[in-house]
Amino acid sequence: MKILALSFSPREEGNTELLLERVLAGAGIRGAETELVRVADKNIKPCDACGACFRTGECLIRDDMQELGQKMLQADGIIFGSPVYFYNITAQGKIVIDRSIALSHQGKGLANKVGGVVVVGGSLGLVDAVKDLYFYIVIHQMIPANFVAAYGSNKGDVKRLQKCLKAAEELGIQAVKIAEKKFCYPEDIRAQHIGFGTHTW
Ligand SMILES: Cc1cc2nc3c(=O)[nH]c(=O)nc-3n(C[C@H](O)[C@H](O)[C@H](O)COP(=O)(O)O)c2cc1C
């Protein structure tokens, strides 16, 4: 059982990372192997819309996304963590979201993996960030676990939020418990690829 946490914050040991570490501690209590990846440390370029992944299933941009994609495909559960930047997730998060379209062409993609969400913001935008990360989870036919949304501005602010830290730990435990159930989308409704509003064609 592997639970992967992706931090979309550029701030090392910032609030997002602190909460993700707590989530992984919870997952560890339930016996999972855990890993946290700081996406800002990786060289991952934005999608260039070449369309190759739709034709061949392969992304032609050679950078750290290949390694990260493999980690995502190998995980049983993925916790997406982002600070709120301008009322939504960070650029790091958006780049991974766009580039991971290619993963949906590789076997089963992210389908049936558990997805959890952690967001931290100083004032406004938490709900928008949560919503967009859940939308990603749904589109990839992942199984949603809970979310943790915290108020924090300065580095380490979330250390004071005892309920939040507890909720993060519980999210980790919950993610493993859900993954243990091995829920599966029925084969006949599993998307061959992501449909962006299939009503448009
Ligand atoms: C460029 C930038 C934009 C931000 N925009 C928002 C925002 O729109 N809403 C908000 O609530 N907080 C905003 N913040 C504050 C961060 O969400 C907050 O400091 C958060 O704790 C950072 O998380 P981290 O410590 O994991 O990096 C912004 C911070 C930065 C640097």
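Begin by selecting helix 1 (15-29) and strand 4 (114-121) in this predicted model, since each of these two elements supplies at least two residues of the shell around the ligand. Widen the selection to the whole shell, and 17 residues surround the ligand, with Ser9, Thr16, Ser123, Leu124 and Gly152 the closest. Colouring this shell by residue class gives seven nonpolar, nine polar and one charged residue.

Next, display the backbone atoms of Asn15, Val84 and Ser123 together with the oxygen atoms of the ligand. A backbone N or O atom of Asn15 lies 2.8 Å from a ligand oxygen, a backbone N or O atom of Val84 lies 2.7 Å from an oxygen atom of the ligand, and for Ser123 the corresponding distance from a backbone N or O atom to a ligand oxygen is 2.6 Å. The ligand taken alone exposes 650 Å², of which the protein buries 73%.

From the ligand, move to Ser7, whose place is in strand 1. Is Ser7 buried or exposed? Ser7 counts as buried because its relative accessibility is 0%, which is under the 20% cut-off. Leaving out residues up to four places away in sequence, Ser7 touches Thr16, Glu17, Leu20, Leu36, Val37, Arg38, Val39, Ala40 and Gly81.

One of those partners, Arg38, is the next residue to select, and it is found in strand 2. Arg38 also counts as buried, at 18% relative accessibility. Show its side chain with that of Glu17, and a polar contact of 2.9 Å can be drawn between the two. Beyond its neighbours within four places in sequence, Arg38 is in contact with Ser7, Ser9, Glu12 and Glu17.

Return to strand 1 and pick Ala5, which has its place there. Ala5 counts as buried, with a relative accessibility of 0%, and, residues up to four places away in sequence not counted, it touches Leu20, Leu24, Glu35, Leu36, Val37 and Ile79. A distance drawn from Ala5 to Val84, C-alpha to C-alpha, spans 17 Å, while the two are 79 residues apart in sequence.

Now select the largest nonpolar core, which has 29 residues, and highlight Leu6, Leu68, Met72, Phe80 and Val96, the members that touch the most other members. Two or more residues of this core come from each of strand 1 (2-7), helix 3 (65-74), strand 3 (77-83), helix 4 (91-99), strand 4 and helix 5 (126-139). Which element gives the most to this core? Helix 5 does, with seven residues.

Centre the view on Met72 within this core. Its contacts, neighbours within four places in sequence left aside, are Leu4, Leu6, Met65, Ile78, Phe80, Val96, Ser100, Leu103, Leu110, Lys113 and Tyr136. Apart from this core lies another, of 26 residues, and selecting Leu24, Ala145, Val148 and Leu171 picks out some of its members.

Finish at Cys50, which lies in the loop between strand 2 (33-38) and helix 2 (52-56). With a relative accessible area of 35%, Cys50 is partly exposed, and, its neighbours within four places in sequence left aside, it is in contact with Arg55 and Leu60. As a last distance, draw a line from Cys50 to Ala25: the two residues are 25 places apart in sequence and 39 Å apart in space, C-alpha to C-alpha.

Definitions and conventions
Residues are numbered from 1 along each chain as its sequence is written. This is a predicted model: local features need pLDDT of at least 70, side-chain atom pairs count only at pLDDT 80 or more; totals for chains, interfaces and linings use all residues. Side-chain values use heavy atoms; hydrogens and water are left out. A residue is near a molecule or strand if one of its heavy atoms lies within 4 Å of it. A polar contact is a pair of N or O atoms within 3.5 Å; within protein, one must be able to donate a hydrogen and the other to accept it, and residues adjacent in sequence count only if both atoms are side-chain atoms. Accessible areas come from the Shrake-Rupley method with a 1.4 Å probe; for residues, only the protein chains shown count as cover. Helices (H or I, at least four residues) and strands (E, at least two) are DSSP runs, numbered from the N terminus. Ala, Val, Leu, Ile, Met, Phe, Trp, Tyr, Cys and Pro count as nonpolar, Asp, Glu, Lys and Arg as charged, and the others, Gly among them, as polar. A nonpolar core is a set of buried Ala, Val, Leu, Ile, Met, Phe, Trp, Tyr and Cys residues joined through side-chain atoms within 4.5 Å. Buried means under 20% relative accessible area, exposed over 50%, partly exposed in between (1.4 Å probe, protein chains only). Contact means heavy atoms within 4.5 Å.
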